[in-house]
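Biologist: Please take one part of this model and look at it closely, setting it in the context of the whole chain.

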Amino acid sequence: MKFWTKLVLFIITTTAIILSFSRYYIVKNNFLHSMENSIYQNENQYILEKYMIESNIIKNIQERRRTNKRKNN
């Protein structure tokens, strides 16, 4: 093979390797970022549902106390 042919093949191979590593890095970072966002959203949803349930429990307890007071009077 001629020198220029070897040089072109080397440049193409090197470029392909560099691009494949950069794509791997980008995909990996996007996946991690997506997972972090998903975890954050699920955690916020959990907290919201927890407070909603606690609020409903407190409301039910207060209503029961009111109805019990009315029955006793």
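**A nonpolar patch on the helix**

Modeller: The chain has one helix and zero strands, where helices (H or I, at least four residues) and strands (E, at least two) are DSSP runs numbered from the N terminus. This is a predicted model, in which local features need pLDDT of at least 70 and side-chain atom pairs pLDDT 80 or more, while totals for chains, interfaces and linings use all residues. Residues are numbered from 1 along each chain as its sequence is written, and side-chain values use heavy atoms, without hydrogens and water.

Phe31 lies in helix α1, residues 3-72, and counts as exposed because its relative accessibility is 52% (exposed is over 50%, buried under 20%, partly exposed in between, with a 1.4 Å probe and protein chains only). Together with Leu32, Met35 and Ile39, Phe31 forms a nonpolar surface patch with about 390 Å² of accessible area.

Across the chain, 0% of the 73 residues count as buried, and the C-alpha atoms fill a box of roughly 105 × 10 × 5 Å along the principal axes. The accessible surface of the chain is about 7,400 Å², with 62% of that surface belonging to carbon and sulfur atoms.

Patch residues have over 30% relative accessible area and no salt bridge (Lys or Arg side-chain nitrogen within 4 Å of an Asp or Glu carboxyl oxygen), with nonpolar side chains joined within 5 Å and like charges within 9 Å; areas are Shrake-Rupley values with a 1.4 Å probe.
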